[in-house]
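Here are my notes after going through the model you sent. Have the structure open while you read, and start with the charged residues.

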Amino acid sequence: MDTAFQTNTQDNSRQLKRRLTGAGVALIVALLAVVSATYAWYIYNTGRHTTKVRMAAGAGANLQISNSYNGTYGSAAILDSFEGLTPVSTNQISGGFQKVTKFIDGTESQPDLVAGLFGRSSEADQDYYHTSLFLRTNGAATDIYLSNIGFEDSDENSPISSAIRVGLVAHKAGQNQDIAGEHIFEISDKKNPEKQYNTATGREGYVLDSSKTDGTTVPFTPYNSDAYCIYDVDTGTVTLKPGSIKLCTVEGTADGRAGTPVEVEIYVWLEGCDEDCTANLCSQTLKNLAVSFAGVSR
């Protein structure tokens, strides 16, 4: 490595450090796009700044929600806010999340830094947001659908929502039960005007394979608003669309008592393979997030 290259690398390192320490941003920040010959990834500022999260259940008095199994149930629940995320990727929540754990020097045809090693992510490191809510009914058995994911971008022209994913993992009825199913949703149909294809394939729609840690990507299409049901807040009427996806079923009782709750885990993350994750999101934040459920009596 010659002196000029060393000097250039040192200058780049100092510039990156200044950007990492000087950016007062919320939630997720993309600073420097790095592209390798085999895979692309991004370096993000993981500053821990708070964003508000509200999880709400609707569809009338019979469907109830709580943030703990034996807690107080009502029509809405306020869950803890989260402070920041590291970009991660997965094609299956139960298989775990991965992130870049090491960047290496690029070759002549590459930037100074490229993604070199991928490893497991963890909730403890605040790589993603994870919590649980509990649904029950005091009426007939009810099929549960997602009716909306509401959000607010800090800048409509650079919508960080375009790269956010929400995962819902439903369990069997009861406390600490096995997983019954999972679904991953994109929360927005907006597109980042500076999007850049972010996988080795050079095509949209690939994420990291959760069964491997070598950067292997697989095609994956998250659900979108086509999978929601339609909930009329004025009448409490629920209408199913052709693509509406049932998340789970909560069992009712004949005497009007509340049935056994069902745990639904909530995951929120920045999809690191998403082509919308580019540097123009540097100063953006997802200001609010609200997840709403609705029920259809069986």
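1. Glu204 comes out as partly exposed, with a relative accessibility of 44%. This is a predicted model, so please read everything below with that in mind. The side chain of Glu204 meets that of Lys191 in a salt bridge, at 3.5 Å from N to O. Both residues sit in the loop between β11 and β12 (206-208), so this pair ties together parts that are 13 residues apart in sequence. Lys191 is partly exposed as well, at 38% relative accessibility.

2. What else does Lys191 hold on to? Glu275 also forms a salt bridge with Lys191, and here the closest N and O atoms are 2.8 Å apart. This pair links distant parts of the chain: Glu275 is in the loop between β17 (262-270) and β18, Lys191 is in the loop between β11 and β12, and 84 residues separate them. Salt bridges with shared partners join Lys191, Glu204, Glu275 and Asp276 into one network. Is Glu275 buried or exposed? Glu275 is buried, because its relative accessible area is 4% and the cut-off for buried is under 20%.

3. Over the whole structure, the search turns up 8 salt bridges. Another one of them joins the side chains of Lys246 and Asp143, at 3.9 Å from N to O. Lys246 lies in strand β16 and Asp143 in strand β9, so the contact ties together parts that are 103 residues apart in sequence. On the accessibility side, Asp143 is buried, with a relative accessible area of 12%, whereas Lys246 counts as partly exposed at 37%.

4. The strands behind that last salt bridge deserve a look of their own. Strand β9 (residues 142-153) and strand β16 (residues 246-250) run antiparallel and are joined by 4 bridges. Within this pairing, Tyr145 stands opposite Lys246, and the bridge partner of Asp143 in β16 is Thr249. So Asp143 has Thr249 as its bridge partner, while the side chain of Asp143 makes its salt bridge with Lys246. How enclosed is β16? Of its 5 residues, 4 are buried, so β16 is largely enclosed by the rest of the structure.

5. β9 has another partner too. It pairs with strand β18 (residues 286-297) in the antiparallel sense, over 11 bridges. If you want a place to find your bearings in this pairing, take Asn148, whose bridge partner in β18 is Ser292.

6. For the cysteines, how many disulfides does the search find? The count is 0 for the whole structure. Cys229 is buried, with a relative accessible area of 3%. Cys248 counts as buried too, at 8% relative accessibility.

7. Next, the pocket. The largest pocket has a volume of about 270 Å³. It is lined by 20 residues, and the closest to its centre are Arg165, Glu186, Glu204, Pro222 and Asp274. Glu204 is thus among the residues closest to the pocket centre and also a member of the salt-bridge network with Lys191, Glu275 and Asp276. What is the lining made of? It divides into 10 charged, 5 polar and 5 nonpolar residues.

8. Ile164 belongs to strand β10. With a relative accessibility of 0%, Ile164 counts as buried. The C-alpha atoms of Ile164 and Glu271 are separated by 6.1 Å, although the two residues are 107 residues apart along the chain.

9. One backbone point to finish. Asn176 has a positive phi of about 55°, although it is not a glycine. Where does Asn176 sit? Its place is in the loop between β10 (164-171) and β11 (179-186). Asn176 is exposed, because its relative accessible area is 69% and the cut-off for exposed is over 50%.

Methods. Residues are numbered from 1 along each chain as its sequence is written. This is a predicted model: local features need pLDDT of at least 70, side-chain atom pairs count only at pLDDT 80 or more; totals for chains, interfaces and linings use all residues. Side-chain values use heavy atoms; hydrogens and water are left out. On a 1 Å grid over the protein atoms alone, a cavity is a set of points where a 1.4 Å probe fits but cannot get out, and a pocket is an open set with protein on both sides within 12 Å along at least five of seven lines; lining residues have an atom within 4 Å of a point. Grid points are joined across faces, edges and corners, and a volume is the space filled by probe spheres set on the points. Ala, Val, Leu, Ile, Met, Phe, Trp, Tyr, Cys and Pro count as nonpolar, Asp, Glu, Lys and Arg as charged, and the others, Gly among them, as polar. Helices (H or I, at least four residues) and strands (E, at least two) are DSSP runs, numbered from the N terminus. Buried means under 20% relative accessible area, exposed over 50%, partly exposed in between (1.4 Å probe, protein chains only). Two strands pair if DSSP finds at least two bridges between them. A disulfide is a pair of cysteine sulfur atoms within 2.5 Å. A salt bridge is a side-chain nitrogen of Lys or Arg within 4 Å of a carboxyl oxygen of Asp or Glu.
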